Amino acid sequence: MSNSCATFCVVMSGVAVPLMLFLGYLCSNSSPVIKISDESKQDAGKGCYLAAALYFITFTLALYKTVGDATGDHRVWNARERWKKITGVQAATISESQGGCVGLRNLGNTCFMNCGLQCLAHIEPICIYFLTDKYLEEINESNSLGTGGRLVRCFATLLRHLWQESERAYDPSNFHSTLAEFAPHLTEGYAQQDAQEFLAYLVDGLHEDLNLVQRRPPPDEEDADEHNLRLELENGEEYVAALEWMRHLLRNKSFLVDLLQGQLRSCLTCSVCGFTSKTFDPVLYLSLPVHDQMQTLG
């Protein structure tokens, strides 16, 4: 019995059972409303009671099927202790049979999008964060650099289908249409696009929708290189790196910053005077050269 059929049986049986009981009562008590002989009324009453019993059995089985599909296929997924500081302590529920094994339908050259989505959808802390609805506490709808929370909500819906529904494949059309609205360069003409470029946009878009900073401070007016050089001479390089990271967090603070972003030190030395300039920049990903002679990524 399919879930939709079971739901239909629950509704119909819920109406039929009290109706049969009512008709059985009228017949058994020789109601003048029923225009048949008293002997026939007794047989009709027994028939109505029997029908009510059969409808009740159908109702019970259909209800069991409906509730069973909603809860019986699910199990609890507890995040590892290391992630609980950023995901919270609440456990997620996932489908026992299909959780994490649901495919994404190709909408026409959207394999780059599906690949990136599946990569993010199988990072444990990201799954726990969205499946427990922790993200709802941190959506920043007023951020002018975000999508008003629409992108993050579409992503959360997609994750629920990939992990909590008992389906083999999910159609990401809703996510794709939202992406087309805010990043048309990634969806124009259903052409093949770069998966890394899509992932960079998606992670940054999700970050801005979840950015806890409501009001960014103005940019620093002091020359950063000269100021940092003086601080490094007085306190050391690690102090300057920590200070730059703190400045970054004053403008960007989200679950995804905590999870995915890092800091890159860049040094540039003048070939004439020998002066070395250092910058400490936030980084989301590193582009590494890959060639056919490589044996390992170490």
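Student: What share of the 298 residues of the chain count as buried?

Tutor: Keep in mind that this is a predicted model, so that what we read from it is computed from predicted atoms. A residue counts as buried when its relative accessible area is under 20%, and by that reading 35% of the 298 residues of the chain are buried. The accessible surface of the chain comes to about 17,800 Å², and carbon and sulfur atoms hold 58% of that surface.

Student: How many helices and strands does the chain have, and what share of its contacts joins residues 24 or more positions apart?

Tutor: The secondary structure comes to 11 helices and 6 strands. Among contacts with a separation of 6 or more, 66% are between residues that stand 24 or more positions apart. One such separation can be followed on the structure: alanine 195, which belongs to helix H8, is 82 residues along the chain from methionine 113, yet their C-alpha atoms are separated by 6.3 Å. Alanine 195 itself is partly exposed, because its relative accessible area is 27% and the partly exposed class runs between 20% and 50%.

Student: Which residues line the largest pocket, and how do they divide into nonpolar, polar and charged?

Tutor: A lining is best read first by its residues and then by the elements that supply them. Here the largest pocket, with about 170 Å³ of space, is lined by Cys119, Leu120, Ile123, Gln196, Leu199, Ala200, Val203, Leu284, Tyr285 and Leu286. Two elements give two or more residues to this lining, namely helix H4 (111–121) and helix H8 (195–209), and H8 provides the largest share, 4 residues. By class, the lining has 9 nonpolar residues, 1 polar residue and no charged ones.

Student: Which residues does threonine 110 touch, not counting those up to four places away in sequence, and is threonine 110 buried or exposed?

Tutor: A residue in a loop may be read by its cover, its neighbours and its polar contacts in turn. Threonine 110 sits in the loop between E3 and H4, and it counts as buried because its relative accessibility is 1%. Beyond its close sequence neighbours, threonine 110 touches Arg105, His176 and Tyr190, while its side chain reaches the backbone nitrogen of leucine 107 at 2.8 Å. Its C-alpha atom is also 8.0 Å from that of glutamine 193, a residue 83 positions away along the chain.

Student: What is the sign of phi in asparagine 109 and in tyrosine 190?

Tutor: The general idea is that most residues other than glycine have a negative phi. In asparagine 109, however, phi is positive, near 60 degrees, and in tyrosine 190 phi is likewise positive, near 55 degrees. Asparagine 109 lies in the loop between strand E3 (103–104) and H4, whereas tyrosine 190 lies in the loop between helix H7 (173–182) and H8. Asparagine 109 is partly exposed at a relative accessible area of 41%, and tyrosine 190 is partly exposed at 41% relative accessibility.

Student: Why does asparagine 211 count as buried, and which backbone atom lies 3.1 Å from a polar atom of its side chain?

Tutor: Asparagine 211 counts as buried because its relative accessibility is 1%, although its place is in a loop, the one between H8 and helix H9 (224–235). A polar atom of its side chain lies 3.1 Å from the backbone nitrogen of valine 213. Leaving out neighbours within four places in sequence, the contacts of asparagine 211 include Asn140, Asn143, Arg216 and Lys253.

Student: Where is lysine 253, and with which side chain does its own side chain make a polar contact?

Tutor: Lysine 253 is in the loop between helix H10 (237–249) and helix H11 (255–260), and its side chain makes a polar contact of 3.0 Å with the side chain of aspartate 258. With a relative accessible area of 27%, lysine 253 is partly exposed, and among the residues it touches are His207, Leu210 and Asn211.

Student: Is threonine 132 buried or exposed, and which backbone oxygen lies 2.6 Å from its side chain?

Tutor: Threonine 132 is buried, since its relative accessible area is 8%, and its place is the loop between helix H5 (124–131) and helix H6 (150–163). The backbone oxygen of isoleucine 128 lies 2.6 Å from a polar atom of the threonine 132 side chain. Apart from neighbours within four places in sequence, threonine 132 is in contact with Thr87, Gln90, Ala91 and Ala92.

Definitions and conventions
Residues are numbered from 1 along each chain as its sequence is written. This is a predicted model: local features need pLDDT of at least 70, side-chain atom pairs count only at pLDDT 80 or more; totals for chains, interfaces and linings use all residues. Side-chain values use heavy atoms; hydrogens and water are left out. On a 1 Å grid over the protein atoms alone, a cavity is a set of points where a 1.4 Å probe fits but cannot get out, and a pocket is an open set with protein on both sides within 12 Å along at least five of seven lines; lining residues have an atom within 4 Å of a point. Grid points are joined across faces, edges and corners, and a volume is the space filled by probe spheres set on the points. Ala, Val, Leu, Ile, Met, Phe, Trp, Tyr, Cys and Pro count as nonpolar, Asp, Glu, Lys and Arg as charged, and the others, Gly among them, as polar. Buried means under 20% relative accessible area, exposed over 50%, partly exposed in between (1.4 Å probe, protein chains only). A polar contact is a pair of N or O atoms within 3.5 Å; within protein, one must be able to donate a hydrogen and the other to accept it, and residues adjacent in sequence count only if both atoms are side-chain atoms. Contact means heavy atoms within 4.5 Å. Accessible areas come from the Shrake-Rupley method with a 1.4 Å probe; for residues, only the protein chains shown count as cover.
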